Amino acid sequence: MKVKVSNANQPNWHTITVKADIPEALQPLNEMAHNLWWTWNQEGQDVFAAVDRQGFKDVNRNPVELLATMDYDKLNALSKDKEFMKQMTATYKTFRAYMDEKPNTERASVAYFCMEYGLSHILKIYSGGLGVLAGDYLKEASDSNVDLCAVGFLYRYGYFSQSLSLDGQQIANYNATEFDHIPVVRVKDEQGNHLTIRVPFPGRDVYAAVWQVNVGRIKLFLLDTDVDLNADYDRSITHSLYGGDWENRIKQEFLLGIGGMLALEAMGIKKDIYHCNEGHAALCNVQRLVDYVNTGLNFDEALELVRASSLYTVHTPVPAGHDYFEESLFGRYLGGYAEKLGISWEEFMGLGRTNPDNHEEKFCMSTFLCKTCQEVNGVSWLHGKVSQQMFNDIWQGYFPEENHVGYVTNGVHLPTWSAKEWKAVFEKNFGKDFLNKQATEEAWQKIYDVADEDVWATRVHLKNKLVKYIRGRFKDNWLKNQGDPSRVMSLLDKINPNALLIGFARRFATYKRAHLLFTDLERLAKIVNDPERPVQFLFAGKAHPADGAGQGLIKYIYEISQRPEFIGKIIFLEDYDMQLARRLISGVDIWMNTPTRPLEASGTSGEKALMNGVVNLSVLDGWWYEGYREGAGWALTDKRTYDNQEYQDRLDASTIYQLLETEIIPLYFDRQGKEYSEGWIQTVKNSMARIAPHYTMRRQLDDYYEKFYNPQSARYKYISANNNKVAKGIAAWKANVAEKWDSIRVVSSERMPDPSGIVTSGEKLMVTHVIDEAGLDDAIGIELVMVENINGKDVIQKVIPMELIKREGTLYTFQLTTAIEVAGTIKVAYRMFPKHQDLPSRQDFCYVRWFY
């Protein structure tokens, strides 16, 4: 027999996890590693660094991976190190004292849904601002000790990591996360088994493992479909953030909304308020409606309860930020839910359409949330106004400024984003109780008592720290990817901590206008090549892999940065993440933001920067529209000069150059024999004292409780009491009004004098309307609406309610006596609307009839 040279089959590999055997004495360390409390508490970070300083750096400051990869002998030796054990015990005592405090039961409990959470660079379940805001929110909820839990996804690959090719083309890299090396744990059911929920997808069940992230006192629950029970095409649902086609998007949103609610129910969790942070989780309200209908309520009654306890926060005025699904695709996944709710398919589709009768209109998650949430809010004052305009067609009969869309301006979690050097300044000068008073102007006024030299020393230290970080983080990658080693080393050497450092870091979408600085390259070259007053610009940010224009911007900036006159003066730092963000927002001198007005909903990077003595230079948009104070930063006007965007861009670029040349650079280098500019330090102090207290996450969380959570919770308890008595009554009343609405008629109208022609300013006007309410019981209100045309647009001038003066059977007499005080051309009409003492707003039951 001829013997083969080789004979081997393919190995059938199985992955096993070998965990470190952590000595009992070090178990507190393991407990703290699995709670993100350490990410915003310096003593937590210090204790892990003390375990193995170099090892902690080698694992990218990931304490779970640090402990998981240490051998037993090292851990055992550590447990016998008296100095270390003393440090660990003290830190653990602080941690447990924090954790053991009971939540504040006087505030409403909340379930918070979001597609992404930016909590730490080691937990890659975020892409940008929305996620970082959500992460900050959970941290502040923990610090404020409220009863809140959150729901999201545990992505296997998360958002991409970014590198650049030799010619500056963005390369998206997706790296799998080892869940055993990050601070997550599997949730267990009552029997002690790992909890896996079953979600009813069309034609099959999809299974999702439920993981838990401990964010201080807050539990974040993450769903993961990458489990053996699922087919490959379902395992990938939670692989990537914002990846795939529209079908993958609806799969993710189905899982987040409906699966998220099923997960909470499986864990026995019920909250007062359900908060959708963006429209991705909209379908949680579908599941909530089904749950109420299953208790015996009809759809209208269920909707009253769901509305009362739901809040929708919209984060963008950009159309791409709102999800619209074709009816065929939407029906494939939600086709059975109309029957479950006891309504027709057209009625169900109508909930996601601005015009329910337009069968060509796609189903919009944002529209659905506007119709199933009592409250809707934007994320800055200006964005609130923009959102009123954006959603106004949903509530026909009212002007944008009249609708109920509110706002809460975004803030940032101070303990996370203030550098430890600034925390030391705060503790020394602001008092031990500063964090509890961080949202008050009084607390921040103490920055004026800090010596200018100390402020400057802190700033210089952080600038040097940033430069050292850039050289350490990017040297190897640049040597590998950017060709000529001598060119790379020259670039690294040219990064100058003594220069005026200006940072621009954010998502590279075209409306962010990252290109604005490069409108006049000759003028820019003069600015950055002044040896007496050196200026350098640091750029960072990712473009969505499907955004060709955004990627083109990155390539354009990179190409400019490689020109001889800009080498080392314009620098693009790839793979923008929370680590790099922390260094940039604390290490540059100026934070620049140049969005197209009014497309920046809020923006928070500038808020993070100001907490670190960095001064803002920004368009008056988003948070800066309300945050800007003269003498505390610089602003480009919110007024538009040109309709042509290219012309407007050139004007804005010229304004930036002029501000740099005539104000910012001269002020920064006006040293007058000192190491620093007194005028610059005064600007830094003004920025911190006058702006910072208004943009903390503490203030934001308090605003949500004051404006929305607590009032909504009180109303929900009122309408759900006594077996939902009031909710049922409201639903029945609405049905009755809707049935009789078209039968209501204006019997007579009398106006003295008749204002159809010319009316003298100040002259009294008496109006009487007799209305037949068609059998309704005082269910109608009437008001006079006056509008004037401003810049081609009708704007409310005045709304005057009419008084009910007489009732005879079904006839109701309304009267108004007033005077038109303002001379000029105005338009007047009368608006009829349903009224009920238990309606939270007119938009809750938006029936309107205009007449004259």
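**Exercise 1.** Decide whether Y155 is buried or exposed in this predicted model.

*Solution.* The relative accessible area of Y155 is 1%, and buried means under 20%, exposed over 50% and partly exposed in between, with a 1.4 Å probe and protein chains only; Y155 is therefore buried. F153 also counts as buried, at 1% relative accessibility. Because the model is predicted, local features need pLDDT of at least 70 and side-chain atom pairs count only at pLDDT 80 or more, while totals for chains, interfaces and linings use all residues. Residues are numbered from 1 along each chain as its sequence is written, and side-chain values use heavy atoms, with hydrogens and water left out.

**Exercise 2.** Classify the ring pair of Y137 and Y704, and place both residues in the chain.

*Solution.* A pair of aromatic rings is described by the distance of the centres and the angle of the planes. Rings of Phe, Tyr and Trp (its six-membered ring) pair if their centres lie within 6.5 Å, and planes under 30 degrees apart count as stacked, over 60 as edge-to-face and the rest as tilted. A search of the whole structure finds 53 aromatic pairs. For Y137 and Y704 the centres are 5.6 Å apart and the planes stand at 80°, so this pair is edge-to-face. Y137 lies in helix α7 (residues 129-143) and Y704 in helix α29 (residues 697-740), so that the pair links distant parts of the chain, 567 residues apart; helices are DSSP runs (H or I, at least four residues), numbered from the N terminus. Both Y137 and Y704 are buried, and ring pairs link them with Y112, Y117, Y705, F708 and Y709 into a cluster.

Terms used
Helix = DSSP H or I, 4+ residues; strand = E, 2+ residues; numbered from the N terminus.
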